[in-house]
Amino acid sequence: MKSMKRVLVGISTMLVMSSALVACGGNNSNSNSNASSPTTAPAANATEAPAKSTEKVTINLWSFTDEIPNMTKKYMETHPDANVEFKTTVIATTDGAYQPALDQALAAGGKDAPDIYAAESAFVLKYTQGDASTYAANYADLGLDDQLVKDAGIAQYSVDIGSKDGQLKGLGYQATGGSFIYRRSIAKEVFGTDDPATIKGEVGPGWEKFFGAAAKLKAKGYGIVSGDGDIWHPIENSSDKGWIVDGKLHIDPKREEFLDLSKKLKDNGFHNDTTDWTEAWYADMSGTGSQPIFGFFGPAWLINYVMNGQVKDTNGDWAVTEPPTGFFWGGTWLLAHQEVTKDDAKKQAVAEFIKWVTLDTSETGLQSYWANGTMKEGEQGTKDSVASAVVMAKSNGEVPLLGGQNMFDVFVPANANASGKNLTQFDETINKIWRDQVREYTAGNKDRDKAIETFKQQVKDQLGIESE
């Protein structure tokens, strides 16, 4: 995760404390630094600059995986003169442990409070726009202005999610705009070609064309997706409005249509009726499910960190194209505690690290290393879609799983087509309730109206939010 679902490749430890320390250059005590005496002071020298303090700036960094803490090592490697040390706290999102601990630390303040903290898409709005947004510093107050964002070509959805009242409070290093990831061999058999430009026109735009493709695939013995969860993220993130409108639960027509599209998938045998993040879902990536599956919806991290370990004999038999509708899925945003702006040394240190991670488009910026898989010198690592379109335009996104296709050709427009204006801080909980009720309906356990009624009641019971 890299984000959201990245816990499956992240840490299992609930609380890990570590420090990435730079080489110490004489960390002398300055307990007497305020004492001076004219009788003991050295002779004045008008041309001599005052000596710089050797005391390091400690940055408290909180995250839910070791991904960002590991970036600090590359930062110190590329910034040997940085007079900082990172004290990292990693708490997995398992069982919801991260947010309560982070909330408590932010509220407590003091020298041990998080200076920089990470939030993933499932709950980031709480920290950028919602209940905990008052703790976050504006990027502008760190000296990171809108021009830097524009020059880096940061996708608008990421900016929208990280902003409150026009003030940017968080940005990510990834871009998680979604694509349609499909089997080349199946495409050739059913559609006569595996060319992404042609397949794009077969599966979209719009769900009508997508289901037309599903019918063609079914006639040849293939399912178009593994389960209804595969279409949920495109539907959720392309809706016109979010779950909460004027303080009330709102069911956007596009999200309500998920009931009907999910049932259509099941009734016609267009999928294998799997649930995402299960063995059956993974089996469909390797082509060993109950019927061969054509494709999955997802961003680059789904390719790199999920499919890459599951495809097995189908490795290289995949390609990506733009989906029927724009969407994003996942991501991690970096925020700074507003208290850092009150200490010039810490403010500068925090700003420099956040800029290096989120806005630096140079060859020695984090995103260049990340996009090209060169975090470790002399070793080819995983290539990933990054926040900066400028970086991706000059990076090599060719990956073996996609038969050598440069995935950045698809993910740059995919990131631009995603929307970040239909989310709320309650999405993680509401989405789970909604998807559970949709499956109850498609399984025949409830009729459509009852599924919606139960959904509304459970949202009220769990979150205290009334329906419109």
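1. In this predicted model, strand S8, which covers residues 179-183, is joined by four bridges to strand S11, and the two strands run antiparallel. To follow the pairing on the structure, it helps to begin with Tyr 182, whose bridge partner in S11 is Gly 295. Strand S11 itself spans residues 295-298. Gly 295 and Phe 297 point one way from this strand, while Phe 296 and Gly 298 point the other way, and all of them are buried.

2. The chain as a whole gives the setting for these details. Its secondary structure consists of 18 helices and 13 strands, and of its 468 residues, 53% are buried. Among contacts in the chain with a separation of 6 or more, 76% are between residues 24 or more positions apart. The accessible surface comes to about 20300 Å², and carbon and sulfur atoms account for 47% of that surface.

3. The next point concerns internal space. The structure holds one cavity of 30 Å³ or more, and the space in the largest cavity is about 30 Å³. Which residues line the largest cavity? They are Tyr 157, Ser 158, Gly 172, Gln 174, Thr 176, Gly 331, Thr 332 and Trp 333. Helix H5 (156-161) and strand S13 (332-336) each contribute at least two residues to this lining. By residue type, the lining of the largest cavity divides into two nonpolar and six polar residues, with no charged ones.

4. Ser 158, one of the lining residues of the largest cavity, deserves a separate look. Ser 158 belongs to helix H5, and it is classed as buried because its relative accessible area is 3%, where the cut-off for buried is under 20%. If residues up to four places away in sequence are not counted, Ser 158 touches Gly 170, Leu 171, Gly 172 and Trp 333. Two of these names, Gly 172 and Trp 333, also appear in the lining of the largest cavity.

5. Val 391 offers another example for checking burial against contacts. Val 391 is found in helix H15, which covers residues 389-393, and it counts as buried because its relative accessibility is 1%. Leaving aside neighbours within four places in sequence, Val 391 is in contact with Asp 360, Thr 361, Gln 367, Ser 368, Ala 371 and Val 386. For one of these partners, Asp 360, the separation in sequence from Val 391 is 31 residues, and the distance in space is 8.8 Å from C-alpha to C-alpha.

6. Some backbone angles should be inspected with care. Most residues other than glycine have a negative phi, and most peptide bonds are trans. Asp 95 has a positive phi of about 60° although it is not a glycine, and this residue lies in the loop between strand S3 (84-90) and helix H2 (98-108). Is Asp 95 buried or exposed? Asp 95 counts as exposed, because its relative accessibility is 77%, and the cut-off for exposed is over 50%.

7. Asp 165 can be read alongside that residue. The phi of Asp 165 is near 50°, which is a positive value in a residue other than glycine. Asp 165 is placed in the loop between strand S5 (163-164) and strand S6 (167-168), and at 75% relative accessibility it counts as exposed.

8. The final point is a peptide bond. The bond from Gly 204 to Pro 205 is cis, with omega near 0°. Pro 205 is found in the loop between helix H7 (196-203) and helix H8 (207-219).

Technical notes:
Residues are numbered from 1 along each chain as its sequence is written. This is a predicted model: local features need pLDDT of at least 70, side-chain atom pairs count only at pLDDT 80 or more; totals for chains, interfaces and linings use all residues. Side-chain values use heavy atoms; hydrogens and water are left out. On a 1 Å grid over the protein atoms alone, a cavity is a set of points where a 1.4 Å probe fits but cannot get out, and a pocket is an open set with protein on both sides within 12 Å along at least five of seven lines; lining residues have an atom within 4 Å of a point. Grid points are joined across faces, edges and corners, and a volume is the space filled by probe spheres set on the points. Ala, Val, Leu, Ile, Met, Phe, Trp, Tyr, Cys and Pro count as nonpolar, Asp, Glu, Lys and Arg as charged, and the others, Gly among them, as polar. Buried means under 20% relative accessible area, exposed over 50%, partly exposed in between (1.4 Å probe, protein chains only). Contact means heavy atoms within 4.5 Å. Accessible areas come from the Shrake-Rupley method with a 1.4 Å probe; for residues, only the protein chains shown count as cover. Two strands pair if DSSP finds at least two bridges between them.
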